[in-house]
Amino acid sequence: MLLALLLLACARDPDPSAIDDAVRVSVALRGVHPSSDELDALTRGEASLEELARRWVVDPRFGAVVRDLHAEQLLLRIDTQPHPPPMGPLAGIGEGTLTRSLDEEPLRLIEKVVTDGRPYGEILTTPTTMADANVAAVWGLPWDPAGPEWQEVAWEDGRPAAGLLATNGFWQRFQSSEQNRHRTRAAKVLSALVCQSLESGTIALGAPESLQDAVSADPACTTCHDVIDPIAAAFAGARKYVTEAEVRTAERSGCPAPLAGDCYPVVMWDDGAAATDGDRWGLPAPGWKNEPVDGLAGLGRALATDPGFEVCTARRFRAWFAQEPWEAVEASTAATLADDLRSADGDARELALAVVLDPGFLALPRLWVRPEHASALVEQLTGFTWDLRPDGGYGAVEVGRTDEFGLRALMGGVDGWNSTRPDAAPSPTRELSWRWLASDAATYAVDSGREPILTEEGAVREALRDLHRRWLAEEADEDALDADLALFGAALDRGDARHAWIVVLTALLLDDRVVGY
Amino acid sequence: MRRRDLLAGMLASSAGCRVLPLEARAATGAPHLIVVHADGGWDPTFALDPKPGLALGGPWPDVDPEDPDDVEQVVSWGEIRALCNDVRRPYVRRYFDNWAHRTTVVPGLWVGTLSHWEGKDRVLAGTGVDGSPDVTAITGGTLGTGPIGAVDLSGVGRPGPFASAVARAGVRGQLRALLDPASRFVRADGSARPDPGLEDTDWDAIEAWRRGRSGGDRDPAAARADALWRERGLLLDALPLGRRNGLADDLELAATLIEAGTCHAVLVSTSSNFDTHADARQQHGSWNELLGGLGILARRLEDRGLLDRTLVLVVSELGRSPERNEDGGTHHWPYTAAMLLGADVGGHRSLGGTDDRLVGVPCDQGTGRPSATGEPLRYDALIAGVLEAVGVDPGTWLPGVRPLRGFRG
């Protein structure tokens, strides 16, 4: 980065916005700044921003971003809610570790489809899911101990090939009941996959026995239920949910026959129910847009080829990268991006590139680093990893990615359950969280020797100039360095050189060019 | 020393240096707001909406015929009719004995959904439009003159555009970790956290440097963060890091925050879950805890002279179906109930209502009184009425909605 900024400073027509654009695209796609080499290549003209961006979408950190995007929009990380417990064959695993594995199952599947360059619609049609050792043990999936941590595996319980729609992570997040009859799942299909929200009208519900009648007869009800019930019917066979208490009770009682399905591996699919749920609940035949579909697999295939799915996907990607509600994405923008996705044979990496390289995206006002990326970004700059281990065997916590002990919602993210929209503006708790992260990371950088403790004014000035380049991706002017030195000097008066460097580094990490992009 | 006394002592000791005088902070004169959310969808027939005719629902299936004290009894306090059981839910009677004269109940509140998420949007924000701010965020963000507009102790808040004015506590008291570095957990590898050793003077210098970098502009969230930091003593004492607070503790903290002028509005949620699809008997304990906590809150507010200046809204996102299912539980129901207490709330009053099938009776949306030409009391009329009562123009947030005013005066 040093050379890049020097070259920019010396060039006949320096274009510092090129650096800013590269930072924005890199943080959007990977959660971290470009490397010095990448910025040097950009400045020398050896690589264009698009060429760099194409490298970034094959970076493993892009896969994590894909998971983060879908976690927020599909609300699939719900670590504040009870999960199947670490007992029986899973005894000894941290509760938080197991929770994280289970929540990541559908997200890892989506990541796999996207990073393999497969058509995005496969997230709704693949007969596979992703499992690590914990997921495999909980849900009874094959898993090779000699293979990678996360493996793409096929279901062996007879459930339909429907990708995300057939993951236990999706079913556990959007739970059903004898009353709900898979309608919560159907509503999520509509809202998340085709961007269609159901607006409930003024429903004059009567006594319970008339509730079902109203669903099929009252015009105030049928408007929605005509749409939602055929989708819900496609989920027939999927278990409504399994609770932590059910598993605990079954495991403790030795898994007697009536409770065997609640023991590990937990049974979540029932072929018999798939054939009878619809009739038992009075649901219509499975369908999509008034056309019959062959169960959940048929629904997945119908959705994957529906133009509305492409447009909604485009809308969601743009909304997440631009940090705006999907409803705010212009229809024309969504349509153009959907064309890009279609032209790329459904390769969602191309969609992501189209979004972040769009001049309209690059011209947006400053965006704020998401809680999920704060740690990785600061680790890139300082080497400090932001994690913690609560008392009581919960396991390690990635502070920005969880809410049970972490700070995701307090930093403006969603907890997936009660907090379902990211904050529209910086909050006081986000600010306090960044102060925690910045001061800890600054201390680590000093104490680990990554940032030397200098005291001679000239050396300090040059070190600060270098920090502006490395951390803030800017060429500092002399006034800025004077301000830094004043901060350094005042801190030195209150303590020693170590203290002064911690103060200055903390300030730099709280700069808008670090916490924003 | 009891925690309450300790808090009072801290207030007294900190008033001179950290906390603005209450009079100065209440310059607008607008009532404060505390919203208590009963999480999961309560069954109002256990307390606020007695339906003795529901032989297969409500609390009656649980009565032990061998226990002469285990009796469900409808008791009236003016217009309020509540169902009491001095064995299973003693705090219901106790609450109304003490506070019926300051309370309005609203059975038969229509929410028009069977979904928790939509129901929460509607009873907290007054609208099903996703992303809309909840009533405490609006109130605190609009009227708050203290350090923080609103504090969300519940985790169910919807700050929307008022994010910079709302402080979340976190489901396990994480706000404490933000305000007390010494309380933070060790790192994942078991090593101690780095100790930056930064004092307030260092942070002031850092903030001054940041202001200089941004041309003098100050992010309002940063200013709010400073204010929270300065007044952290209140929260440090009351927030247990690593576990969830009980309802009574959160209600106590809500009163303390209002009293100290730290914030203008507080959102609290029950720690027990009313979502009893199986085993509806759990409603007894949940109602008991809720009404017991509300009694403590009311007492605390009155003792401190705040009950006349604080509106308390108690509401749940759903009701429960009138008959128990095969699991002994009840499912969701689109008619719920609400309670209002405190500032300008008429006592001994009951608005709305349900028929024998637990369907809301037609009412005038403004008065809340039965009207043959009306419709069941709506969630948006209630929230609009609350906004108006605390001094916020409801038309800004819920245009076209006629506010419920029948609970006032």
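**Helix packing across chains A and B, and some buried loop residues**

Let's start at the contact between the chains. Helix α22 of chain A and helix α7 of chain B pack at an angle of about 175°, and their axes are 11 Å apart. That angle makes α22(A) roughly antiparallel to α7(B). From α22(A), the residues in the contact are A:Ala480, A:Ala483, A:Asp484, A:Leu487 and A:Arg494. From α7(B), they are B:Thr201, B:Asp202, B:Ala205, B:Ile206, B:Trp209 and B:Arg213. By class, that is 6 nonpolar, 1 polar and 4 charged residues. Keep in mind that this is a predicted model.

Now the next partner of α7(B). Helix α20 of chain A meets α7(B) at an angle of about 105°, with the axes 14 Å apart. These two helices are therefore roughly perpendicular to each other. Chain A brings A:Glu431, A:Arg435 and A:Ser439 to this contact. Chain B brings B:Trp203, B:Glu207 and B:Arg210. How many charged residues are in the contact of α20(A) with α7(B)? There are 4, along with 1 nonpolar and 1 polar.

Next, α23 of chain A. This helix runs over residues 497–509. Here is a quick geometry check. At 1.5 Å a residue, its 13 residues should span 18 Å. The end C-alpha atoms are 18 Å apart, so the model agrees.

Is α23(A) mostly covered or mostly open? Mostly covered: 12 of its 13 residues are buried. The buried residues include A:His499, A:Trp501 and A:Thr506. Also among them are A:Ile502, A:Val503, A:Val504 and A:Leu505. What do they pack against? In chain A, the partners are α19 (371–382), α20 (428–447), α21 (457–472), α22 (478–494) and α24 (512–515). In chain B, the partner is α7 (200–213). So α7(B) comes up again, as a partner of the buried residues of α23(A).

The N-terminal end of α23(A) has a cap. The capping residue is A:Asp496. One of its side-chain oxygens lies 3.3 Å from the backbone nitrogen of A:Arg498.

One more helix pair, within chain A. Helix α15, residues 307–322, packs on helix α16, residues 331–343. The angle is about 110° and the axes are 8 Å apart. That makes α15(A) roughly perpendicular to α16(A). On the α15(A) side, the contact uses A:Glu310, A:Val311, A:Thr313, A:Ala314, A:Arg315 and A:Arg318. On the α16(A) side, the residues include A:Leu337, A:Ala338, A:Leu341 and A:Arg342. The class count is 7 nonpolar, 2 polar and 4 charged.

On to the loops. First, B:Asn85, in the loop between β3 (80–84) and α3 (90–99) of chain B. Buried or exposed? B:Asn85 counts as buried, because its relative accessibility is 0%. Its side chain makes a polar contact of 2.8 Å with the side chain of B:Asp70. The B:Asn85 side chain also reaches the backbone nitrogen of B:Val87, at 2.9 Å. Beyond its neighbours within four places in sequence, B:Asn85 is in contact with B:Asp69, B:Asp70, B:Val71, B:Glu72 and B:Pro90.

Chain A has A:Phe174, in the loop between α8 (168–173) and α9 (183–193). A:Phe174 is buried, at a relative accessible area of 5%. Its C-alpha atom and that of A:Leu74 are separated by 10.0 Å, with the two residues 100 apart along the chain. Outside the four-place sequence window, A:Phe174 is in contact with A:Leu74, A:Leu75, A:Leu76, A:Thr184, A:Arg185 and A:Lys188.

A:His182 lies in the loop between α8 and α9 of chain A. This residue has a positive phi of about 70°, although it is not a glycine. A:His182 is buried, with a relative accessible area of 0%.

Chain B has another such case. B:Leu358 has a positive phi of about 65° and is not a glycine. Its place is the loop between β12 (349–350) and α12 (379–389) of chain B. At 6% relative accessibility, B:Leu358 counts as buried.

Last item: which residues does a cis peptide bond join? A:Tyr264 and A:Pro265, with omega about -5°. A:Pro265 sits in the loop between α12 (244–252) and α13 (271–281) of chain A.

Notes. Residues are numbered from 1 along each chain as its sequence is written. Chains are lettered from A and ligands numbered from 1 in the order in which they are written. This is a predicted model: local features need pLDDT of at least 70, side-chain atom pairs count only at pLDDT 80 or more; totals for chains, interfaces and linings use all residues. Side-chain values use heavy atoms; hydrogens and water are left out. Helices (H or I, at least four residues) and strands (E, at least two) are DSSP runs, numbered from the N terminus. The expected span of a helix is 1.5 Å times one less than its number of residues. Buried means under 20% relative accessible area, exposed over 50%, partly exposed in between (1.4 Å probe, protein chains only). Contact means heavy atoms within 4.5 Å. A polar contact is a pair of N or O atoms within 3.5 Å; within protein, one must be able to donate a hydrogen and the other to accept it, and residues adjacent in sequence count only if both atoms are side-chain atoms. Axes are lines fitted to C-alpha atoms, for helices over the stretch in contact, and angles run from 0 to 180 degrees between N-to-C directions. Angles under 35 degrees count as roughly parallel, over 145 as roughly antiparallel, 65 to 115 as roughly perpendicular and the rest as oblique. Ala, Val, Leu, Ile, Met, Phe, Trp, Tyr, Cys and Pro count as nonpolar, Asp, Glu, Lys and Arg as charged, and the others, Gly among them, as polar.
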